[in-house]
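Reader: I'd like a close look at one part of this structure rather than a tour of everything. Could you pick a well-connected spot and walk me outward from there?

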Amino acid sequence: MYNILSKLILLIVLSCSFHVVAAPVEIFQFDSPEKEKIFHKLSEELRCLVCQNQSVAESNADLAKDLRLEIYTMLQKGKTEDEIVSFMVDRYGDYVLYRPPFEPMTWLLWFGPVVIFFFGMIFVVRYMKAQNLSKQVESLSKEDIERIKNLHAGQDK
Amino acid sequence: MENNQPSMMKRFMPLIVFVALTVLLGIGLTLNPREVPSPLIGKPAPEFDLPLLLSEGRFTNKDLIGQVTLVNVWASWCFACRQEHETVKYLSRNGVRIIGLNYKDEPDDAKNWLATLGNPYQAVAVDYSGRISIDWGVYGAPETFLIDKQGIIRHKVIGPLSDKEKYDELMSVMNSLEK
């Protein structure tokens, strides 16, 4: 048990270190810590379109570099977080957002899992009820038990 | 006998679920996630003012108005651009107005490339930093935009035009436009 646990911890630690090594290094100077915070938040939340499973923060692709610079420049010009997000969405579509917006088009995306869970629960409940029912049918009534006892008794005699 | 109906249903339920899932996942797998639909379709071409590659002077979004135009985003470092080049030349020979948008390229490399492979462009605008291409939602070359007479973006092709399916789609949109 201890062995498995220590291996697991090692694995987690190693995967974290990999993440740090893979992150591109650039130095941006910000006027305020708030801007820096928004910068990191945005570049984590925006998808790099060249390598789609990476965020703009993680990717080494040229376009991701350009987009980081763009986010930085906009922040320094005093643009808000929302303004920068809509700048990106206007150009690249909702697809740049790792967190899709909440609108009629994406309702299925947001509610889908809950709906599937709901139907799953209905199925499980019905299945369990059916199981119970079949058990009751299999179990014998008192009369039956009496009859069996009588039969046994009759045989003995 | 009464039990027969629901038990048949029950028996086939896993199969039905399996087939439904297979169809769903099959559709998902055949979609190409690299082709992100552009939100710019139906909107006017973004404003820009860029220097020309092969001559003095500049090219702006206003120069796109008045004639159906293809804006082809390319670079000399882009392999797929080489792949589609014959198709671009073919279109140009057949009277389609094509404007090149040279994306994040060294001007000398770009000039050499055109000299070697042929120049199908009526004009080539230089986006050295790639900043204007961000406004166009470009995320990789080659990309081709179809602009109508009013300067509205009507269609976008992601990847080489030499792909038959993409080419046919572009042609059908182009033919539906007012000349």
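Author: Let's start at Tyr103(B), keeping in mind that this is a predicted model. Setting aside residues up to four places away in sequence, Tyr103(B) touches Val73(B), Trp74(B), Ala75(B), Asp127(B), Gly130(B), Ser133(B), Val138(B) and Ala141(B). Tyr103(B) also turns up in the largest nonpolar core, a set of 51 residues, where Tyr103(B) and Ile147(B) have the most contacts inside the core. Here's a twist: the element giving the most to this core is helix 3 of chain A (residues 62–76), with five residues. As a general backdrop, nonpolar side chains in soluble globular proteins tend to be buried together.

Now for the strands around that tyrosine. Strand 4 of chain B covers residues 97–103 and pairs with strand 3 (residues 69–74) in the parallel sense, over six bridges. If you want one pair to click on, take Asn72(B), whose bridge partner in strand 4 is Gly100(B). The link from strand 3 to strand 4 goes by way of helix 2 of chain B (residues 79–93), and the three elements make a right-handed β-α-β unit.

Strand 4 of chain B also runs parallel to strand 5 (residues 123–127), with five bridges joining them. On that side, Asn102(B) has Val126(B) as its bridge partner in strand 5. A right-handed β-α-β unit shows up here too, built from strand 4, helix 3 (residues 107–117) and strand 5 of chain B.

Two backbone details in this neighbourhood are worth a look. Lys104(B) sits in the loop between strand 4 and helix 3 of chain B. Its phi is near 45 degrees, a positive value in a residue other than glycine. Lys104(B) counts as buried because there are 20 C-beta neighbours inside 10 Å, and 20 is the cut-off for that label. The other detail follows Ala141(B), one of the contacts of Tyr103(B). The peptide bond from Ala141(B) to Pro142(B) is cis, with omega near -5 degrees. Pro142(B) belongs to the loop between helix 4 (131–135) and strand 6 (143–147) of chain B. For context, most residues other than glycine have a negative phi, and most peptide bonds are trans.

Zooming out, the domain assignment splits chain B into domain 1 (1–31) and domain 2 (49–176). The centres of these two domains of chain B, taken over C-alpha atoms, are separated by 48 Å.

Then there's the partner chain. Chain B and chain A each put 12 residues into their contact. On the chain B side, those are six nonpolar, four polar and two charged residues. Chain A has six helices and zero strands. Of its 157 residues, 12% count as buried. Among the contacts in chain A between residues at least 6 apart in sequence, 40% join residues at least 24 apart.

One residue to check over there is Ala57(A), in the loop between helix 2 (33–45) and helix 3 of chain A. Ala57(A) is classed as buried because it has 20 C-beta neighbours inside 10 Å. Leaving aside neighbours within four places in sequence, Ala57(A) is in contact with His40(A), Ser43(A) and Glu44(A). For a sense of distance, Ala57(A) and Gly112(A) lie 55 residues apart in sequence and 29 Å apart in space, C-alpha to C-alpha.

Terms used: Residues numbered from 1 in each chain as written. Chains lettered and ligands numbered in written order. Predicted model: local features only at pLDDT ≥ 70, side-chain atom pairs only at ≥ 80, totals over all residues. Contact = placed C-beta atoms within 7 Å. Nonpolar A, V, L, I, M, F, W, Y, C, P; charged D, E, K, R; others polar. Domains from an automatic or database assignment. Pairing = 2+ DSSP bridges. Helix = DSSP H or I, 4+ residues; strand = E, 2+ residues; numbered from the N terminus. Right-handed = clockwise from strand over helix to strand, strands pointing away. Core = buried A, V, L, I, M, F, W, Y, C linked by C-beta atoms within 7 Å.
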